[in-house]
Amino acid sequence: MEVLTNGRYKSTEHRAVTHKEKDRLAIVTFYAPSYEIELGPMPEMVDEHYPCKYRRYNHGEYGKHYVNNKLQGKKTLEFAKIQTNNSS
């Protein structure tokens, strides 16, 4: 979501809270586009006030990067960021 909105909406990491005395049941589901789909900021999220912050990439490239970097959460977004001299 963060890439699609050019950083206007921040993505969050999944976090689970456990309880010492109660069991927790989790059902894992995954939703992702096809590996061939190209992703990047939506055109309506980029203009002179909001310059493009992320490059376009295909989802397979992102998935490979995510797994090869040991599932490091939001750090994976760094691979799609356009590097500038004043980026934080």
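This report describes a nonpolar core, a buried asparagine and a helix in a predicted model.

## Basis of the model

The structure is predicted: local features need pLDDT of at least 70, side-chain atom pairs count only at pLDDT 80 or more, and totals for chains, interfaces and linings use all residues. Residues are numbered from 1 along each chain as its sequence is written, and side-chain values use heavy atoms, with hydrogens and water left out.

## The nonpolar core

Seven residues form the largest nonpolar core: Val3, Leu39, Tyr54, Tyr57, Leu77, Phe79 and Ala80. Such a core is a set of buried Ala, Val, Leu, Ile, Met, Phe, Trp, Tyr and Cys residues joined through side-chain atoms within 4.5 Å. Buried means under 20% relative accessible area, exposed over 50%, and partly exposed in between (1.4 Å probe, protein chains only).

Leaving aside neighbours within four places in sequence, Val3 is in contact (heavy atoms within 4.5 Å) with residues including Tyr54, Tyr57, Leu77 and Ala80.

## Asn6

Asn6 is buried, with a relative accessible area of 2%. Its side chain reaches the backbone oxygen of Met45 at 3.3 Å and the backbone nitrogen of Lys53 at 2.7 Å.

## Helix 1

Helix 1 covers residues 59-68, and its buried residues are His59, Gly60 and Gly63. Seen down the axis of helix 1, these buried residues fall within an arc of 100° (taken from the directions from the helix axis to the C-beta atoms), so they line one face of the helix. Helices (H or I, at least four residues) and strands (E, at least two) are DSSP runs, numbered from the N terminus.

The buried residues of helix 1 pack against strand 1 and strand 2, whereas Lys64 and Asn68, on the other side, are exposed.

Definitions and conventions. Polar contact = N/O pair within 3.5 Å; in protein donor to acceptor, adjacent residues only side chain to side chain.
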